[in-house]
Amino acid sequence: MSLSARPVWLPAHVVGLLCGRVFEVLRIDDGPATAVLAAIGPDCGPVIATRLGYHDLLLPPGEFLRQRVPRAPGVRPMPPEARVHIPPLTASPHEGIHWLVPPGAGTTDPAAVANALAEHFAYGVPGRRRPPRQPQRR
């Protein structure tokens with residue numbers, strides 16, 4: 001099953017759905033999430049934003065996120081069968097949970113997420129870019 005233009009799993013009110021069936025979820029704290037979403041750009045699939053300080057990126061099921069996503073502070077692949085809150089399409093930011101990127105445009109490529117995270121967490125310092133290689137002098 002894919003995240004189609006009119007997903008049948010979208011609720012009329014906030015509900016908890018289980019990870020691993022229709023989608024996998026990568027939960028990213030607000031700071032890194034902003035940088036990751038900017039790096040992915042318009043190719044980003046569905047993203048849920050919350051007032052609790054994190055974003056949930058919905059990715060295709062069965063993508064083995066734990067092996068593909070680099071370990072980083074504030075980044076957690078949700079375990080299979082974890083319950084994730086899904087808002088209706090009509091939810092707004094003042095409700096506490098809403099769609100930052102609504103479903104319907106496809107899914108986010110996990111490799112794009114992994115690349116954006118690797119770039120953001122280069123050398124373990126959030127936001128630091130890799131410096132150009134300098135020739136070694138002896």
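A residue counts as buried when its relative accessible area is under 20%. By that yardstick, buried residues make up 43% of the 138 residues in this protein. Please keep in mind that the model is a predicted one. The protein has three helices and seven strands, and along the sequence they follow the pattern β-β-α-β-β-α-β-β-β-α. Here is a short tour, topic by topic.

**Overall picture**

- Among the contacts in the protein with a separation of 6 or more, 75% are accounted for by residues 24 or more positions apart.
- A search of the whole structure turns up zero disulfides.
- Cys 19 is buried, at a relative accessible area of 0%, and Cys 44 is buried too, at 7%.

**Helix H1 (residues 30-40)**

- The buried residues of H1 are Pro 32, Ala 33, Val 36, Leu 37 and Ile 40.
- Because these residues cover an arc of only 130° around the axis, they sit on the same side of H1.
- Turn to the other side of H1 and you will find Thr 34, Ala 38 and Ala 39, which are exposed.
- The cover over the buried residues of H1 includes strand S2 (24-29), strand S3 (47-50), strand S4 (54-59), S7 and H3.
- Just after H1 comes Gly 41, with a positive phi of about 70°.

**Helix H3 (residues 110-120)**

- In H3, the buried residues are Pro 110, Val 113, Ala 114, Ala 116, Leu 117 and His 120.
- Their arc around the axis is only 165°, so they lie on the same side of H3.

**Where H1 meets H3**

- The axes of H1 and H3 come within 9 Å and cross at roughly 125°.
- That angle makes H1 oblique to H3.
- The crossing of the two helices is right-handed.
- On the H1 side, the contact is made by Pro 32, Ala 35, Val 36, Ala 39 and Ile 40.
- On the H3 side, the partners are Ala 112, Val 113, Ala 116, Leu 117 and His 120.
- Some names come up twice here: Pro 32, Val 36 and Ile 40 belong to the buried residues of H1 and also take part in the contact with H3.
- Likewise, Val 113, Ala 116, Leu 117 and His 120 are among the buried residues of H3 and help to make the contact with H1.
- Ala 39, by contrast, is listed as exposed, yet Ala 39 is also one of the H1 residues in the contact.

**Loop residues to look at**

- Gly 74 is found in the loop between helix H2 (65-68) and strand S5 (75-77).
- With a relative accessible area of 18%, Gly 74 is buried, because the cut-off is under 20%.
- Leaving aside residues up to four places away in sequence, Gly 74 touches Arg 27, Ile 28 and Asp 29.
- Gly 74 and Ile 28 are 46 residues apart in sequence, while their C-alpha atoms are 5.6 Å apart in space.
- Glu 81 belongs to the loop between S5 and strand S6 (83-86).
- Phi of Glu 81 is near 75°, a positive value in a residue other than glycine.
- Glu 81 is partly exposed, at a relative accessible area of 44%.
- Thr 107 has its place in the loop between strand S7 (97-101) and H3.
- Thr 107 counts as partly exposed, at 32% relative accessibility.
- Along the chain, Thr 107 and Leu 58 are 49 residues apart, and their C-alpha atoms are separated by 7.2 Å.

Note on methods
Residues are numbered from 1 along each chain as its sequence is written. This is a predicted model: local features need pLDDT of at least 70, side-chain atom pairs count only at pLDDT 80 or more; totals for chains, interfaces and linings use all residues. Side-chain values use heavy atoms; hydrogens and water are left out. Buried means under 20% relative accessible area, exposed over 50%, partly exposed in between (1.4 Å probe, protein chains only). Helices (H or I, at least four residues) and strands (E, at least two) are DSSP runs, numbered from the N terminus. The arc is that of the directions from the helix axis to the C-beta atoms. A disulfide is a pair of cysteine sulfur atoms within 2.5 Å. Axes are lines fitted to C-alpha atoms, for helices over the stretch in contact, and angles run from 0 to 180 degrees between N-to-C directions. Angles under 35 degrees count as roughly parallel, over 145 as roughly antiparallel, 65 to 115 as roughly perpendicular and the rest as oblique. A crossing is left-handed if the near helix is turned anticlockwise from the far one by less than a right angle, and right-handed if clockwise. Contact means heavy atoms within 4.5 Å.
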